[in-house]
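Notebook open, coffee poured. I'm jotting down what I looked up, one entry at a time.

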Amino acid sequence: MQVDLFYELAVPNHLPRSEAQVYHETLDELVLADQLGFHGAWLVEHHFMREYSHSSAPELFLAAASQRTQRLRLGHAVIALPYNHAVRVAERVAALDILSNGRLEVGIGRGFSPREYAIFGAEMADSRAHLQEGLAILRAAGSGPVQHQGKLYQLDGIDILPKPVQQPHPPLWVAAVSPQTFRWAAEEGIGVLSGPFKPWFLIKQDLKAYRRGVQGSAYAQKPGFNPRFAMTIGCLCLEDAAEARQLAEGFTWYYQRLLDQTRPVLAQLRESYEFYHRLGFLEPLLRRGLTLKLLESMGMVVVGNPEQCRKGLARYARAGVDRLLLAVGAGMVPSSVTRRSLELLAKEVLPALNDSRADAA
């Protein structure tokens with residue numbers, strides 16, 4: 001199992017870190033992660049979400065990171081296609097792939113914020129059409145002039161430049177929450193990015209359904225097939241488990257702000273799983289009753305010393321998750337603590353995860 005990092009670029013008021021400090025310290029953390037052997041790092045795209053996420057131009061951040069790292073895969077997760085023109089997305093993707101010497105990974109999604117839709121002039125009713133047509137354009141852009149006649153885009157032999165280093169395109173992923181999106185991703189043969197606000201026992205169902213679906217994908221024998229499953233969780237690993245737990249109490253702020261943003265999505269998600277709806281499985285989250293123990297019990301965070309983190313993370317490897325995206329510290333701790341955790345994870349936890357996956361096989 002490959003292990004990446006995940007960043008929202010949080011700037012919470014209760015921590016003495018400026019926006020500029022968060023940006024530069026995160027770049028330094030990516031340099032360290034590159035040296036320590038982490039597989040990749042992902043940045044979100046969010047807008048107008050003060051404190052929770054100041055990552056509104058991830059392509060610029062990733063361009064900077066591409067010049068300071070050598071091996072680290074760089075993930076853009078996710079590009080909200082309803083308010084990013086698909087041709088411009090293809091152009092930016094190719095430019096980033098060139099700058100990183102072919103290390104880019106691309107996540108696409110529909111977005112979930114009504115405010116973002118309103119400000120950028122997009123219609124939520126068109127979100128799935130944006131996803132489908134945007135994917136088609138991204139797939140076609142790397143090989144030659146693009147012919148596309150759809151509801152949203154009409155392209156008559158447009159030659160989108162530059163061309164990406166990775167052919168036919170960088171690995172493609174989609175942010176998946178509902179069962180319908182997991183099925184669609186499997187049919188399209190692209191990777192899925194699950195979490196971070198969905199409980200593990202639901203994601204296990206999605207993982208099984210996705211594995212079944214990709215076996216029948218029409219893209220299975222085509223270039224660019226990316227049948228991989230990724231999951232995002234919060235993580236803090238320190239030598240002293242008590243210190244890790246004390247500092248990780250800040251995760252409740254992070255997840256509360258996340259749930260505040262995604263509450264409408266979460267309510268719809270509850271309706272998507274009738275059996276669990278009857279059990280009221282998401283009521284603690286919807287009621288704003290977050291605690292660190294609750295987040296741990298739902299498989300949304302892993303916190304503790306190296307032994308505890310090895311055990312906590314290994315279950316995802318055994319279940320068949322291809323890639324974990326760790327929000328190490330989740331922006332809720334000083335960068336010095338995040339760096340300590342990265343070093344400990346690389347030295348004492350990551351090597352064991354491959355062994356866990358091997359045991360499962």
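Is cysteine 309 buried or exposed? I found it buried, with a relative accessible area of 0%. Worth keeping in mind that I'm working on a predicted model.

Entry on the cysteines. I looked for disulfides across the whole structure and got zero. Cysteine 237 is in no disulfide, and its nearest cysteine sulfur, that of cysteine 309, sits 3.7 Å away. Why no bond for cysteine 309? Because its sulfur is 3.7 Å from the closest cysteine sulfur, in cysteine 237, and that is too far; the cut-off I need here is 2.5 Å. Cysteine 237 is buried as well, and its relative accessible area is 0%.

Entry on charge. I checked the surface and noted a patch of positive charge, where Lys204, Lys208, Arg212, Lys311, Arg315 and Arg318 gather. Two elements, α7 (200-215) and α13 (306-319), each give two or more residues to this patch. I then picked out arginine 212, which is found in helix α7. Arginine 212 has a relative accessible area of 57%, so I log it as exposed.

Entry on a loop residue. I went to leucine 9, in the loop between β1 (2-7) and α1 (19-36). Leucine 9 counts as buried because its relative accessibility is 3%. I also took a C-alpha to C-alpha distance from leucine 9 to glutamine 67: 19 Å in space, with their positions 58 residues apart in sequence numbering.

Technical notes: Residues numbered from 1 in each chain as written. Predicted model: local features only at pLDDT ≥ 70, side-chain atom pairs only at ≥ 80, totals over all residues. Heavy atoms only, no water. Patch = residues over 30% accessible without salt bridge, like charges linked within 9 Å, V, L, I, M, F, W, Y side chains within 5 Å. Areas by Shrake-Rupley, 256 points an atom, 1.4 Å probe, with all protein chains shown as cover. Salt bridge = Lys/Arg side-chain N within 4 Å of Asp/Glu carboxyl O. Lys, Arg positive; Asp, Glu negative; His and termini not counted. Charge placed at Lys NZ, Arg CZ, Asp CG, Glu CD. Helix = DSSP H or I, 4+ residues; strand = E, 2+ residues; numbered from the N terminus. Buried < 20%, exposed > 50% of the residue type's maximum accessible area, 1.4 Å probe, protein only.
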